[in-house]
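Q: Could you take me on a close look at the strands in this model, and at what surrounds them? I'd like one connected walk, with the pairings, the facing residues and the packing spelled out.

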Amino acid sequence: MTPSFNPNHVTRSLLRRSRQGALATLMAGSGDPYCSLVNVATAPDGAPTILISRLAVHTKNILADSRVSLMLDERAPGDPLEGARIMLSGRAEQATDENKDSLRRRYLNAHPSAADYADFADFSFFVIRPAGTHLVAGFGRIVDLKPEQFLTDISDAADLLAAEQGAVDHMNEDHRDALGLYATKLLGAEAAEWRCSGCDPDGLDLMADGKTLRLDFPERVATPGALRKMLVRLADEARAKN
């Protein structure tokens, strides 16, 4: 395992960037394995979030037995087995009154088209609470991780999370140039209509044309003021690269 390989960072980045995954559930009654494709977003701490219908087999399975696994992969060009992927195991928990609004908002930021059916009576948000993750990131890079190694600590970030949507809207409405600089100058992406889809103490999520990026902060932020200063700092760094 090379010294530069950081399995915690690779796993955290995959969680934040992934928009689809393979969800494995247990068939109600028989316990046989069942796998389906689902769209994915993340809760503020990075736990995967899904929006599923009670009419679907996987939802019926979850309601009978909440144990699930979710595979997320890098979707890199070429041989898919050469890209990083994670196999996350845990339990799927239906959104509560306390976290439903947050999960809904973050999911729709990541999947805007889901607004057409998110409020249908048979659809519900679920968050997958991980028990652990198996990372495969190439030869000699196979690691089992505990949740505390890849989830984001949000215990002191209530004010930041409360201000998240305002910050996201502000960046998308008034600072699209800065988002473009983050993507092209700091992350090496091609120019596109990059927009912000979320932020948390560890970083910023960007999307454009079906592609996703994760901009990691050099230091953790926990307040709206710290976030503002960090975004200005990163914009200045990006401009200095011109």
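A: Happy to! A definition comes first: two strands count as paired if DSSP finds at least two bridges between them. Please also keep in mind that this is a predicted model.

Let's begin with β1, which spans residues 20-26. Its side chains alternate along the strand: Gly21, Leu23 and Thr25 point to one face and are buried. Gln20, Ala22, Ala24 and Leu26 point to the other face and are not buried. One partner of β1 is β2 (residues 33-39), and the two pair in the antiparallel sense over 7 bridges. Within that pairing, Thr25 stands opposite Tyr34 of β2. The hairpin formed by β1 and β2 has 6 residues between the strands, and there Gly29 takes a positive phi near 95 degrees.

β1 also pairs with β5 (residues 67-73), running antiparallel to it and joined by 3 bridges. Here Ala24 of β1 faces Ser69, which stands opposite it in β5. β5 alternates too: Val68, Leu70 and Leu72 point to one face and are buried. The other face of β5 takes Arg67, Ser69, Met71 and Asp73, which are not buried. From β5 we can step on to β6 (residues 85-94), since 7 bridges join these antiparallel strands. One of the facing pairs brings two arginines together, as the bridge partner of Arg67 is Arg91 in β6. As general background, strands of a sheet pair through backbone hydrogen bonds, either parallel or antiparallel.

Next, a stop at strand β3, which holds Ala41. This residue is buried, because its relative accessible area of 1% falls under the 20% cut-off. Setting aside residues up to four places away in sequence, Ala41 touches Ala47, Pro48, Thr49, Arg106, Tyr107, Ala110 and His111. For a sense of scale, Ala41 and Val10 are 31 residues apart in sequence and 17 Å apart in space, C-alpha to C-alpha.

The loop between β3 (41-42) and β4 (48-53) contains Asp45. Asp45 is buried as well, with a relative accessible area of 14%. Leaving aside neighbours within four places in sequence, its contacts are Arg16, Arg129, Leu151, Thr152 and Ile154. For a computational chemist, the two arginines in that list of Asp45 contacts may catch the eye.

Now for another sheet, an open one of 3 strands in the order β9-β10-β11, with antiparallel pairing. β9 (195-200) and β11 stand at its edges with a single partner strand each, so one side of each has no neighbour in the sheet. From one strand to the next, the twist averages 20 degrees. β9 and β10 pair over 5 bridges in the antiparallel sense, and the bridge partner of Cys199 is Leu204 in β10.

Two helices pack on this sheet. Helix α1 (residues 7-17) touches β9, β10 and β11, and its direction makes about 135 degrees with that of β11. Helix α3 (residues 100-110) touches β9 and β10, with its direction at about 145 degrees to that of β9.

Between β10 (203-208) and β11 (211-216) there is a loop, and Asp209 is in it. This aspartate has a phi near 50 degrees, a positive value in a residue other than glycine. Asp209 is exposed, with a relative accessible area of 69%.

To round off the walk, here is a helix-on-helix contact. Helix α7 (residues 176-186) and helix α8 (residues 224-240) pack with their axes 9 Å apart, at an angle of about 55 degrees. The two are therefore oblique to each other, and α7 passes α8 in a left-handed crossing. From α7, the contact draws on Asp177, Ala178, Leu181, Tyr182, Lys185 and Leu186. On the α8 side, the residues are Leu231, Leu234, Ala235, Glu237, Ala238 and Arg239. In this contact of α7 with α8, 8 residues are nonpolar, 4 are charged and none is polar.

Key
Residues are numbered from 1 along each chain as its sequence is written. This is a predicted model: local features need pLDDT of at least 70, side-chain atom pairs count only at pLDDT 80 or more; totals for chains, interfaces and linings use all residues. Side-chain values use heavy atoms; hydrogens and water are left out. Helices (H or I, at least four residues) and strands (E, at least two) are DSSP runs, numbered from the N terminus. Buried means under 20% relative accessible area, exposed over 50%, partly exposed in between (1.4 Å probe, protein chains only). Axes are lines fitted to C-alpha atoms, for helices over the stretch in contact, and angles run from 0 to 180 degrees between N-to-C directions. Contact means heavy atoms within 4.5 Å. Angles under 35 degrees count as roughly parallel, over 145 as roughly antiparallel, 65 to 115 as roughly perpendicular and the rest as oblique. A crossing is left-handed if the near helix is turned anticlockwise from the far one by less than a right angle, and right-handed if clockwise. Ala, Val, Leu, Ile, Met, Phe, Trp, Tyr, Cys and Pro count as nonpolar, Asp, Glu, Lys and Arg as charged, and the others, Gly among them, as polar.
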